[in-house]
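Me: I am new to reading models of this kind, and I would like to go through one slowly. Could you take my questions in turn and show the reasoning behind each reply?

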There are 2 protein chains.
Amino acid sequence: MFKILHKECQTQARTGVLKTPHGEVRTPVFMPVGTQATVKTLSNQELIDAGAEIVLANAYHLYLRPGEEVIREAGGLHGFMNWRRPILTDSGGFQIFSLSTLNRVKEEGVEFQSHIDGSRHFLTPEGVIRIQSALGSDILMPLDECVPYPCEKDAAEKAMVRTTEWAKRSQRAWLSLDGSSGEERRNFLFGIVQGSTYPDLRKRSAQDLLELDFPGYAIGGLSVGEPHAVMVEMLSETLPQLPEEKPRYLMGVGLPADFFEAVSQGVDMFDCVVPTRNGRNATVFTFKGKLLLRSARHTRDFQPIEEDCPCYACRTYSRAYLRHLFKAEEYLANRLASLHNLAFFIRLFRLMREAIEESRFMEFRKEFERNFEEANKSESDGQ
Amino acid sequence: MFKILHKECQTQARTGVLKTPHGEVRTPVFMPVGTQATVKTLSNQELIDAGAEIVLANAYHLYLRPGEEVIREAGGLHGFMNWRRPILTDSGGFQIFSLSTLNRVKEEGVEFQSHIDGSRHFLTPEGVIRIQSALGSDILMPLDECVPYPCEKDAAEKAMVRTTEWAKRSQRAWLSLDGSSGEERRNFLFGIVQGSTYPDLRKRSAQDLLELDFPGYAIGGLSVGEPHAVMVEMLSETLPQLPEEKPRYLMGVGLPADFFEAVSQGVDMFDCVVPTRNGRNATVFTFKGKLLLRSARHTRDFQPIEEDCPCYACRTYSRAYLRHLFKAEEYLANRLASLHNLAFFIRLFRLMREAIEESRFMEFRKEFERNFEEANKSESDGQ
C-alpha cells in the first residue's frame, strides 16, 4: 500500500506514495477536510486545481446525515460527491466525544445523542466499520475513545486500552467485509495510537497495535489543546515505535510549524480544518506570514493575497476587494480565502516533498520559518 | 448605443445589441445583480461560464461600503471586481427608500441613515452621478424617488415629478463629466419612468423624460408588490410612449412569466435577485418547473437538477447531494443553486432571442409556459 521513495539523512523525513483503490497519493500529504462530504465552500474542480490528491470525510457526521445507506445507493462517497480521487474517512470517535452530548462509553460501544436533533444512537466499532464500508472509503479509521486535554492518567489509560480493544474488533469486522479479502484489498484500515500526554501509555498503545499489523498507523489525541512542546515530545515517543515502512498519519494537525516538526520526525499524512476555517474567518496564509483580511490596512491594498500564488483568488482578485467582501459579509469572501489557504497548504507540502527529495529539508524549514514566523512576529496586524 | 437586429411581427418583441465601452450586450438580456460588487456566491469565471454579458452593481451600497473613492483608485468597478464586461449601476434610489431609515426627501436630495451603521448621509442627484462616475459604470441610472405599493395618487405624482426634476439635474451633472463628452461617450445615462400604478402618471412621466432625450429608458417602481395584471397594464401604458429605437429596461423584474410578457411588449433589459436569492433558499428553476431542493423527495434523487443543463452544478452533482448540502447548511449548496439558476435565466434569454429571430416567440412562450407553469401546478412539492 505504501512505498517510500526517498529518506532524508539529516532528519526522519521521507517521501512516499500511498496506493489506494482510487489512485495514488504522494506523501507527505495534506488532506483537506470534507466532514459532511464537502470541503467547506469549495467545488471538486477547485480541490483538483488546488492539487488535492485525497480528501477526508467523517463517518459520524454522514451516518447522522444523510445516512450511510443514501450514500451507498449513490455509489458510495465517490459517487455521492462525484469525487473520483481517494477518500479517507475518520470514524468520528473524536466528534462523538466532542460534539455529541450525554455520551456514555461501554465496553460494547458508545451511546450518544446527535448534535443535530438530540436523537439517541449507539455505535459499536463493528457498526462504524460497516458505515465506512457503505461510504466506500479508501482508508478507514476504527472507532477510538478520545480523551480531552488535560486528562488524568487513569482515564487516559482506560481510554487507550479500550481503543486498542476496539481496534481489534474493528479489524475483525473489516476482515469480514467483502472488500477486504483477496490479494487486492479494496480499502485499508489503520490503527490509532492514543495515550494522551503520557509517554508510557503512547508506547504501550503503539506496541499493542503493532501486534495487529495494520497497514498504517494514526496518532490521535494530539492538537487538542496541549502545548506544542508536549505534542513534539509525544511524537518523538510514539514514532520510533511504529514500523518505518508503514504510513504514519497525525490526525487533526495543524499549522505549518507542526507540519515541519512532524514531517522531520517521519509523519506522512495530515488533515486539518485550518485552511478552510481560518479562510472563513478572513485569515489567509502566505509564505511571508498570515494576513488578516478584515484589517483596515488592506482597504486600498490592490495586490493579490500572494504575488506568485497560482490559485484563482490570487490570479483574479485583490486584498482590497477581498476585504470589502468580508466587511460586506459576502459569501464569495469565504470561498476565495478558503481556496487560497488550501492552495497554500498543498503547495507547502509539495515544496516539502521537493526539499526532502533533494535532502535539504532542514534548510527549507529554516527558510520557511524565517519568512513566515518572523513576518508575523514583526507585524502587529490589528483589525 | 443600441441597434435593433430583429423585430417580431406577432408581438412587440425585438432583439438588439447594446454597445457599451466594455463591449456589446445582446438583448433581450438578463443582468445578474451584483449589489455589493459581487453577484452573491459566484466568481467572475462562473458568471462568464453562465453566459453573463453584463452585471449590475448598486451605487448606494458601494458609496456606503467600501466608498466610491476606494473603487476609483482600484480602476473603477471593472478594476475592483476584475470584471471586464459591461456594468450597469443602479443609483440606489430604491434602496434608499426601502433599506435606510429616517429618510427625508427634499427638493435638493434625500437625507437618510445608513442601514449598516446608522450614520447620516445626504445624497443629491448630482452626487449620485459623481459616485457612479467614480465607479466607472457603463450605464448609469439617475437618483429617483421610489414609492411603495400601494401609494396614494397625490404622493405618487409628487414623487414622479421630483424624479423627472432629478433626471434633468442628473443629466446636467452627467454632461459636465469628462467621460460624457465628445463623439464617443464613455458611458450612458438612462431616464427612469415612475408613476406607481396610475396610467396617466406613467404616461406623463414618459413624455416629460422624452424631452430630455436619454439614450435609454428604464421603467421603475414595478414588481414592488402589485398584482401581475397591474404590472402588465402599466407596461402597456408606458412602453408605447417610449421611442422604439432606444433600449427599454424594466427594473427589478422578475420571474419567467414577467419576462415573456415584458419582452412581448418590447422590453430589452431585466435585472432581478431571484436567481441568486432563490438559489440560496434551495429553490431552483428548470424548464419543467421549480424544484425545492430541501424536499424529502430528493433524498435519493440521483439525477442532476436539469438533465441537459450545461452548468457546472448539473454536470457534476445530483439533487440528492445538493439536498444533503442544504440540509447540512453547507455553503457549497448556495453556490451551486445560484449558479444553476443564473445559468437557467441566461439560457432562457438566449432561447427567447433565438425565438424572436425566428419569429416564433409566441410559440416558444406557450411551450415554455406549458412545461414550466403546468409542472408547478400539478406538483405539490412539499418540503
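Reply: Gladly; two residues are said to be in contact if their C-beta atoms, placed from the backbone, lie within 7 Å. The model itself is predicted. By that cut-off, 33 residues of chain A are in contact with 33 residues of chain B.

Me: What makes up the side of chain A that touches chain B?

Reply: The elements giving two or more residues to that side are α3 (68–73), α4 (76–81), α12 (312–316), α13 (319–327) and α14 (331–357) of chain A, and α13(A) gives the most, with five residues. Sorted by kind, the residues of this side are 16 nonpolar, eleven polar and six charged.

Me: Why is the relation between chain A and chain B called that of a two-fold axis?

Reply: A turn of 180 degrees, with a shift of 0.0 Å along the axis, lays chain A on chain B with an RMSD of 0.0 Å, and that is the relation of a two-fold axis. The same surface serves both copies, since 100% of the contact residues of chain A recur in chain B. Of the residues of chain A, A:Tyr331 comes closest to the rotation axis, with its C-alpha at 3.9 Å.

Me: How do you know that β8 and β9 of chain B pair?

Reply: Pairing asks for at least two bridges between two strands, and β8 (residues 110–113) and β9 of chain B share four, in the antiparallel sense; therefore they count as paired. Within this pair, B:Glu111 stands opposite B:Phe122 in β9(B).

Me: What makes β7 and β9 of chain B edge strands?

Reply: The open, antiparallel sheet has the order β7-β8-β9 in chain B, and β7 (101–105) and β9 (120–123) each pair on one side only.

Conventions:
Residues numbered from 1 in each chain as written. Chains lettered and ligands numbered in written order. Predicted model: local features only at pLDDT ≥ 70, side-chain atom pairs only at ≥ 80, totals over all residues. Least-squares fit on C-alpha atoms with pLDDT ≥ 70 in both. Nonpolar A, V, L, I, M, F, W, Y, C, P; charged D, E, K, R; others polar.
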